[in-house]
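Trainee: Could you show me how to read a protein model, one feature at a time?
Mentor: Gladly! Let's open it and take a look together.

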Amino acid sequence: RCYILSNKNGKIQLSLRQSRLNPKSKSKVEDVEITGIKDVKKGQLVRGYVKSITSSGVFFGLSTSVLGRILFQNVSPYFVQKHTLYEKYLPEGKLLTAKVLGVTEKHIELSLLPEDTGMPSVLPESLGLPRYDAEEEKREANDREKKEELKVKAKRRRGNSESEQGCCARAPCSLCCQPLYFVVGIAFKTHPSCCLPPSTHFPLLQEAKPKRKKISPADENDSGIEVYYREEEDDDQEEEAAKKKSKIKKPGEAPRLQVSMGFTWDEDMNAMDVPVLNQKEESSESEEEDDPKSKLKKQTKKEKELEKQKKEKELCKLEAALMDPGRQPQSADDFDRLVLSSPNSSILWLQYMAFHLQATEIEKARAVAERALKTICFREEQEKLNVWVALLNLENMYGTEETLMKVFERAVQYNEPLKVFQHLCDIYANSEKYKQAEELYHTMLKRFRQEKSVWLKYASFLLKQGQTEATHRLLERALKALPTKEHVDVISRFAQLEFRFGDPEHAKALFESTLSSYPKRTDIWSIYMDIMIKHGSQKEVRDIFERVIHLSLAPKKMKFFFKRYLDYEKKFGTTESVLAVKRAALEYVETKSSFADT
């Protein structure tokens with residue numbers, strides 16, 4: 001038993017859901033039916049079937065009408081270079097559980113990762129593939145090691161500086177025992193009553209002091225660096241004093257650096273946080289830009305060499321991947337490189353358009369088509385026509401009737417009009433727009449009435465629709481419109497179409513009437529034989545052969561038909577029928593030789 005969902009265009013959709021077969025049963029529905037995107041929510045676990053695998057990801061069927069996409073980085077935690085591996089482990093129709101990552105009006109993004117679904121990975125660990133997060137873990141480990149090294153170095157420097165500085169020669173006081181940190185270029189002062197002069201603390205800095213032209217008496221005992229100290233209670237007063245001091249310029253003194261920030265003294269130099277007062281966003285951004293530069297300076301030669309080798313390996317891998325002729329393009333940049341190398345190849349341009357259409361980027365696909373029409377050389381008419389046909393297909397599927405007609409009118413101007421008309425008719429027929437196709441055929445019969453291919457194409461369209469009577473009337477109109485020399489060929493082609501899509505009896509009548517009028521047209525006899533061998537009975541085929549071998553034709557043509565008759569009997573007949581054909585051939589040769597002697 002099964003439940004019929006729909007029956008349209010000769011296609012029947014069925015369902016085996018127990019909730020449909022037994023609607024009265026109260027059994028719990030394991031997979032709730034999804035009829036549209038509105039039934040899907042972010043974070044939901046859903047089950048579905050693998051529909052297809054393309055360059056843009058894995059397409060996942062949640063129902064007959066709803067499709068979701070799974071990006072390759074969300075299929076498995078392993079990095080896969082060749083996507084053919086997914087086709088092996090994700091065959092079409094495989095049932096899987098996925099998690100909904102995001103839902104928009106037109107798209108559903110899903111994930112098959114084990115951390116999202118709670119299921120094992122679709123790719124086994126035994127393949128030995130690299131993980132996506134392996135590189136990130138290495139980087140984090142390297143960063144932690146570098147930070148620990150920097151902390152150790154900072155503590156060593158701090159211990160050395162404290163041991164060299166010492167404290168007061170006398171008993172330690174509450175002021176000078178505060179931890180001091182010195183910044184070069186900023187004015188500081190020492191406490192006058194308990195600490196030694198700055199010259200005893202900093203002999204090296206005193207020697208490196210630049211000479212001044214004018215030295216005031218107050219500066220004789222100045223070492224060039226003044227030290228400010230602060231107590232926690234007097235922070236505000238000292239800051240105001242420092243600001244006033246920085247504004248006053250002494251004669252002959254170099255301008256000092258203006259700093260709008262305070263300092264906090266922590267035990268760990270590496271973990272020092274400087275509070276910023278009235279700092280703008282621009283300064284913070286510049287500091288962030290300077291941080292990686294300072295880290296690069298601290299790298300050792302060995303680290304730099306390792307980093308250089310790593311970059312070279314990555315570049316080699318990238319170059320090898322780009323040089324691989326069997327590599328499928330994965331991004332727009334890949335397609336750009338391909339079309340730059342082969343700008344006149346319509347196949348590459350059509351693949352580029354299909355890449356955007358798979359991601360439902362209609363405008364980008366249109367832009368690629370327009371770019372292809374401008375890029376392809378004007379001498380490559382067939383390549384340009386292929387792009388025009390692809391653009392017509394795109395507008396027929398995703399555009400409106402107005403946009404389709406605009407592209408059609410442009411295509412007629414730049415290409416051979418008959419070919420463009422025929423392609424648009426095929427597009428209409430394939431998309432089941434039969435009314436528009438018939439209107440276009442009527443226009444073609446008026447505009448290209450002397451073209452035999454137009455009549456034949458319209459006849460094929462009518463026979464596929466089951467309009468045999470209309471096809472018979474069309475043959476009469478074609479014989480009136482076309483020149484007499486084309487009549488035999490047109491009747492033969494109409495008869496072949498009747499054999500394929502219409503009434504075989506009427507097709508036989510057409511052949512018989514033609515051969516009775518033109519008995520020496522061996523090409524029509526050959527076509528008739530081929531069709532009857534394929535569709536007719538053996539008796540009918542033998543009757544045709546017997547009629548042909550008794551015609552008065554040229555010896556070469558008679559030899560051709562005797563040979564065909566003999567081959568047919570060897571394949572489908574008996575030894576007696578084969579001997580009969582040979583006797584008939586000997587009789588024909590004897591009669592011809594006797595006639596030649598007389």
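**Charged partners, strands and cores**

Mentor: Let's begin with charges: Glu-363, Arg-366 and Glu-395 are linked in a network of salt bridges. Keep in mind as we go that this is a predicted model.

Trainee: How many salt bridges does the count come to?

Mentor: The count comes to 19 salt bridges. To find one, look for a side-chain nitrogen of Lys or Arg within 4 Å of a carboxyl oxygen of Asp or Glu. Try Asp-336 and Arg-371, whose side chains meet in a salt bridge at 3.1 Å, N to O. Asp-336 lies in helix H10 (residues 332–341) and Arg-371 in helix H12 (residues 362–375), so this pair ties together parts that are 35 residues apart in sequence.

Trainee: Are Asp-336 and Arg-371 buried or exposed?

Mentor: In between! Buried means under 20% relative accessible area, and exposed means over 50%. Asp-336 has 21%, so it is partly exposed, and Arg-371, with 33%, is partly exposed too.

Trainee: Which strands hold the salt-bridge partners Arg-69 and Glu-109?

Mentor: Arg-69 is in strand S5 (residues 67–70) and Glu-109 is in strand S7 (residues 108–111), 40 residues apart. Their side chains meet at 2.9 Å, N to O.

Trainee: While we are on S5, which of its side chains are buried?

Mentor: Follow the side chains along the strand and see which face each one points to. In S5 they alternate: Gly-68 and Ile-70 point to one face and are buried, while Leu-67 and Arg-69 point to the other and are not.

Trainee: In what sense do S4 and S5 pair?

Mentor: Strand S4 (residues 57–61) pairs with S5 in the antiparallel sense, over 4 bridges. Phe-60 stands opposite Gly-68 of S5, and a hairpin through 5 residues joins S4 to S5.

Trainee: Let's move to the inside. What should I expect there?

Mentor: In soluble globular proteins, nonpolar side chains tend to be buried together. Here the largest nonpolar core has 86 residues, and those with the most contacts inside it are Phe-408, Met-444 and Leu-474. This core draws at least three residues from each of domain 2 (333–448) and domain 3 (552–597). A second, separate core of 24 residues includes Ile-34, Val-46, Tyr-86 and Leu-110.

Trainee: What does Met-444 touch, leaving out residues up to four places away in sequence?

Mentor: Met-444 touches Leu-418, Phe-421, Gln-422, Cys-425, Arg-449 and Val-454.

Trainee: Could we go back to H12 and look at a residue inside it?

Mentor: Sure, take Ala-372, which has its place in helix H12. Ala-372 has 1% relative accessibility, so it counts as buried. Leaving out residues up to four places away in sequence, Ala-372 touches Trp-349 and Val-387.

Trainee: And how do I check the length of a helix?

Mentor: Compare its span with the one expected at 1.5 Å a residue. Helix H19 (residues 487–501) has 15 residues and reaches 21 Å from its first C-alpha to its last, close to the 21 Å expected.

Trainee: What covers the buried residues of H19?

Mentor: The cover includes helix H17 (452–464), helix H18 (468–481), helix H20 (504–517) and helix H21 (522–535). Among the buried residues of H19 are Val-490, Ile-491, Phe-494 and Leu-497, and also Glu-498.

Methods: Residues are numbered from 1 along each chain as its sequence is written. This is a predicted model: local features need pLDDT of at least 70, side-chain atom pairs count only at pLDDT 80 or more; totals for chains, interfaces and linings use all residues. Side-chain values use heavy atoms; hydrogens and water are left out. A nonpolar core is a set of buried Ala, Val, Leu, Ile, Met, Phe, Trp, Tyr and Cys residues joined through side-chain atoms within 4.5 Å. Buried means under 20% relative accessible area, exposed over 50%, partly exposed in between (1.4 Å probe, protein chains only). Domain bounds come from an automatic or database domain assignment. Contact means heavy atoms within 4.5 Å. Helices (H or I, at least four residues) and strands (E, at least two) are DSSP runs, numbered from the N terminus. Two strands pair if DSSP finds at least two bridges between them. The expected span of a helix is 1.5 Å times one less than its number of residues.
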